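Student: Please take a close look at the open sheet and explain how its strands are arranged.

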Amino acid sequence: MLEPDLAIIGGGPAGISLALALASTRLNILLLESGGLNFDPQNQKMYAGTESGLGYIALDAGRLRFLGGSTNHWGGWCRPLDAIDFEARDWVPHSGWPFPKKALEAYYPRAQALVEAGPWLYDKADANVAALGALLPLGDGGVYTSWFQFSKTRDSELPTYFGHRYQDELKRASRVTPLLNANVTAIRLSPDARRVERLDAATLDSQGGADKTFTVKPRITVLACGGMENARLLLASNDVMAKGIGNQNDLVGRFFADNPIPRDVATLVSFAGPLAPYYGNNLALANGPVLRATLSPTHAFRRTRQVAGSLTTVEQPVEMDDTGKAAVITTAIALGVDASNAKAYSLGCGMELLPDPERRLRLTGEKDALGLPRLQLTMRMAETDFALYHDTLRELGRQLLASRTGMLRITRRENWSGNMDWGNHHLGTTRMHDDPKQGVVNADSQVHGVGNLYVAGSSVFPTYGASNPTLNLIALTLRLADHLKKVAA
Ligand SMILES: Cc1cc2nc3c(=O)[nH]c(=O)nc-3n(C[C@H](O)[C@H](O)[C@H](O)COP(=O)(O)OP(=O)(O)OC[C@H]3O[C@@H](n4cnc5c(N)ncnc54)[C@H](O)[C@@H]3O)c2cc1C
């Protein structure tokens with residue numbers, strides 16, 4: 001029996017950031033991590049599940065179950081959410097966070113330091129790249145050049161793997177006990193369902209079967225198992241609340257989302273020749289940060305044309321077919337510009353999905369080695385999601401023509417979904433809302449109705465944006481740390 005002040009379930013970037021943020025407080029912290037320091041196929045099997053609907057990544061392939069979580073194979077792409085991503089918008093059903101982006105601003109610098117992405121540039125990066133080539137001249141319009149930064153600088157080859165990077169810091173923190181190979185198998189509530197009384201935990205033996213069990217009795221629990229597993233543990237912990245913890249309004253597991261990445265959505269032609277290198281490549285600046293340009297709809301365009309977020313990137317130079325070449329020549333003649341050096345590029349995009357309660361995770365009858373029911377994902381995507389992005393691409397095409405610098409050939413929309421990746425961004429399954437009928441956690445990330453249970457990670461995002469989630473979920477977790485400092489002191 002372990003009796004910490006705070007139990008953090010899950011040692012991914014959310015759990016590790018929270019433990020480090022609270023390490024210098026008076027709280028005794030137990031960080032329970034299912035895996036060890038490295039990949040273990042037996043442990044990973046506990047993530048397996050089934051899927052129906054639109055093809056999606058296998059549930060045990062799109063995440064990793066050991067210290068550091070999915071950052072052990074993440075790409076390190078970072079970008080803060082946009083202010084409009086937090087707003088309730090009448091053309092985006094179920095949209096809106098319970099607070100504006102301003103509430104996260106104070107936490108982004110520390111989040112940026114944890115992901116080791118160098119100085120904060122993002123949409124202030126234009127001046128830093130001026131010497132390397134001009135921005136695509138898009139004039140006044142709905143699409144502008146925005147920026148990703150990467151969780152790595154010019155001196156490091158790989159993004160920050162949170163487990164490897166922070167394991168020593170966790171060990172050094174005298175009030176933090178990282179417990180590896182410790183799987184939480186149930187969250188046990190008091191009979192009135194108002195508090196977590198204890199956690200059941202278990203280890204696997206070397207053959208991947210159940211081994212030892214133990215109990216944790218924390219004052220406060222934070223669930224930080226990732227965007228799918230947070231829902232799974234809440235749904236499976238159903239001895240007191242029959243539909244699962246926090247699921248009195250049938251919301252846990254619903255509203256699952258990811259950022260689809262359709263490839264080759266269009267061909268962009270630059271009449272004057274090659275684009276600046278930062279459009280199609282990662283660019284390491286002399287002072288460290290690594291950047292890449294992306295084409296994003298402005299807030300004003302998103303509002304007036306009622307489109308979702310999207311981040312269009314230049315993928316690679318392409319050779320145009322004869323019809324494409326003819327289109328370039330005739331367009332250049334019509335515009336009165338020289339296109340003899342024209343260069344063409346394929347475009348891809350990280351899209352935002354609209355919230356959909358039927359895109360969801362459910363428990364199945366099948367169980368893992370420790371008796372936890374496995375997940376089934378029902379994946380789907382609406383034609384509207386593609387249609388909204390199509391509007392943004394059309395605007396980009398309009399701007400290129402208006403500025404007489406290039407043109408866009410949009411690939412037939414029916415072909416997008418046949419050539420589509422996913423971001424592996426698991427969002428929305430324990431959504432945040434002040435109203436318990438519309439959200440699983442409140443604005444403090446506390447599970448509605450359960451006083452000492454909180455959720456960290458992108459499962460709480462009620463609306464998703466197109467930005468990659470990790471920088472943002474860390475900022476949100478640091479905000480939770482501040483809240484816990486107040487309530488747990
Ligand atoms: C291939 C790939 C590329 C990606 N690229 C990017 C990118 O470029 N940019 C970006 O922002 N994001 C990216 N992501 C997403 C990013 O990795 C996640 O957003 C992030 O890791 C989520 O952090 P988390 O701490 O909430 O969850 P996780 O990273 O999933 O960590 C959860 C932790 O909880 C542990 N755990 C699970 N169940 C239990 C249990 N029952 N008991 C105890 N411990 C448990 C797991 O072992 C794991 O360590 C990528 C993901 C993948 C898979």
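Tutor: Two strands pair if DSSP finds at least two bridges between them. The strands themselves (E, at least two residues) and the helices (H or I, at least four) are DSSP runs, numbered from the N terminus. This is a predicted model, in which local features need pLDDT of at least 70, side-chain atom pairs count only at pLDDT 80 or more, and totals for chains, interfaces and linings use all residues. Residues are numbered from 1 along each chain as its sequence is written, and side-chain values use heavy atoms, with hydrogens and water left out.

Strands of a sheet pair through backbone hydrogen bonds, either parallel or antiparallel. Here, five strands form an open sheet in the order 6-2-1-10-21, and the pairing is parallel. Strand 6 (176–179) and strand 21 (453–455) are at the edges; each has a single partner strand, so one side of each lacks a neighbour in the sheet. From one strand to the next, the twist averages 20°; for angles, axes are lines fitted to C-alpha atoms, for helices over the stretch in contact, and the values run from 0 to 180 degrees between N-to-C directions.

Now take one pair within this order. Four bridges join strand 1 (residues 6–9) to strand 10 (residues 220–223) in the parallel sense. Ala 7 has Thr 221 as its bridge partner in strand 10. Helix 11 (residues 470–488) packs on the sheet and touches strand 1, strand 10 and strand 21, where contact means heavy atoms within 4.5 Å. The direction of helix 11 makes about 170° with that of strand 21.
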